[in-house]
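Trainee: I would like to learn how to read a model like this one, feature by feature. Where should we begin?

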Amino acid sequence: MTGLKILATGAYAPKKLVTNDDLAQIVDTSDEWITKRTGMSVRHYVTESENHTYLAEMAAKQAIERAGIDKNDIGAVIVCTVSADYFSPSCACLIQGRLELPNDIIAMDISAGCSGFIFGLETMRALLMTRGAKAGLVIGAEVLSQKMDMTDRSTCVLFGDGAAAAVVSLSDTMYQSVIGVAGNEDMINIKSPNGFIHMDGQGTYKFAVATVPKVIEQVVENAGLTYDDIDHYVLHQANLRIIESIAKKVKQPMDKFIVNIDKYGNTSAASVGLALNEAAEQGRIKPGDKILMCAFGAGKTWGAIIVEW
Ligand code: ACO
């Protein structure tokens, strides 16, 4: 078996809601500007009782419960993130401990910016193939509210906190992936040890609308499919205008694109998982549906995966 099946998803959004109007009290911005330029309305920030590990743990617990598997069958945990509580130990190790998963597993974090969830799924597939485990846990979790310069209006309105998880197993169902890196720190970075998110907004926008359609074209072609064969497009939620532009380029209707940026903002490595989980919860995804997930982000990284539900 060389494909990957998503057995179940889970998610957790922190309790504090921050509206565009709330941000307009902090920096020189407005609900109108943020809505029009990004499609964002609300995002979630962690409260004092919630941290990064907690978000990841809650999402993972829900995914495992929904998958209905024995947690002793989990052979690897990958947490995709740029904002974990610790540089070391990894969040994945903490999740192994908190969920009392087996000791003989691989547990590691992956940093691939907003492409994290895609990198995580593809890495998990490789791990499951070499280690022979029945299931793997992939989590995308971010606390970006603590990585933003709240005096910089060009970035602080864009990001939010959240976590999403998927329990996966190897499968013979349709699977196809395209992953890429063009190593560069200028477009988006968070400097060690305590830096804030720095982003060339326009450069990132141009990179996204040029790269994502090509990556989608490549993964669809490699799978021997057409754009029409894809039932749901789950793209990184960075800007509604980017998603609309991509929909136009691939000539697919917007109702095939899962959009929840209005409720979460950009949650980086959690974004694709949060959108996928929401679509699953809403019953939009039916067994046998083909789902194309695609993201781009810091690195510069990109990736697209097609899975069958
Ligand atoms: N409120 C009001 N005005 C603002 C704000 C704000 N929050 N932010 C910027 N402006 C102003 C600018 O100062 C500028 O003013 P000026 O014309 O007087 O100089 C004007 O708005 C236009 O600024 P632009 O940067 O050109 O605005 P743009 O339309 O490009 O939108 C945005 C900015 C939303 C950041 C857009 O470029 C974007 O979405 N880029 C992509 C971001 C992205 O995809 N990130 C994902 C990767 S992140 C990761 O991997 C962690």
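Mentor: Begin with the ligand, and keep in mind that the model is predicted. A polar side-chain atom of Arg241 lies 3.2 Å from an oxygen atom of the ligand. Taken alone, the ligand exposes 1,000 Å², and the protein buries 75% of that.

Trainee: Which other side chains place a polar atom by an oxygen atom of the ligand, and at what distance?

Mentor: For Arg37 the distance from a polar side-chain atom to a ligand oxygen is 2.7 Å. For Gln202 it is 2.5 Å. Both residues also appear among those that come nearest to the ligand, a group completed by Thr29, Cys114 and Asn239, out of 27 residues around it.

Trainee: How do the residues of the shell around the ligand divide by class?

Mentor: The shell has 12 nonpolar residues, 11 polar ones and four charged ones.

Trainee: Which helices and strands each supply at least two residues of that shell?

Mentor: They are helix 2 (31-38), helix 6 (153-156), helix 7 (201-222), helix 8 (240-249) and strand 12 (290-297). Helix 7 gives the largest share, four residues.

Trainee: How is the chain divided into domains?

Mentor: Domain 1 covers 3-171 and domain 2 covers 175-308. Their contact takes 50 residues from domain 1 and 47 residues from domain 2. The C-alpha centres of the two domains lie 15 Å apart. Each domain contributes at least three residues to the shell around the ligand.

Trainee: How do I read the size of the interface between them?

Mentor: The size of an interface is often given as the accessible area lost when the parts come together. Here, domain 1 and domain 2 bury about 3,700 Å² between them, with 65% of it on carbon and sulfur atoms. On the domain 1 side, Cys114, Ile118 and Lys147 lose the most area to domain 2, together 18% of what that side buries. Cys114 thus has two entries in our notes, one here and one among the residues that come nearest to the ligand.

Trainee: What should I look for in the backbone?

Mentor: Look for departures from the usual pattern. Most residues other than glycine have a negative phi, and most peptide bonds are trans.

Trainee: Which peptide bonds are cis here?

Mentor: One runs from Ser88 to Pro89, with omega near 5 degrees. Pro89 sits in the loop between strand 4 (74-80) and helix 4 (91-98). Another cis bond joins Gly299 and Lys300, where omega is about -15 degrees. Lys300 belongs to strand 13 (residues 299-308).

Trainee: Which residue has a positive phi although it is not a glycine?

Mentor: Glu100 does, with phi at about 50 degrees. Glu100 is in the loop that lies between helix 4 and strand 5 (106-110).

Conventions. Residues numbered from 1 in each chain as written. Predicted model: local features only at pLDDT ≥ 70, side-chain atom pairs only at ≥ 80, totals over all residues. Heavy atoms only, no water. Near = heavy atom within 4 Å. Polar contact = N/O pair within 3.5 Å; in protein donor to acceptor, adjacent residues only side chain to side chain. Areas by Shrake-Rupley, 256 points an atom, 1.4 Å probe, with all protein chains shown as cover. Nonpolar A, V, L, I, M, F, W, Y, C, P; charged D, E, K, R; others polar. Domains from an automatic or database assignment. Contact = heavy atoms within 4.5 Å. Buried area = accessible area lost by both parts, 1.4 Å probe.
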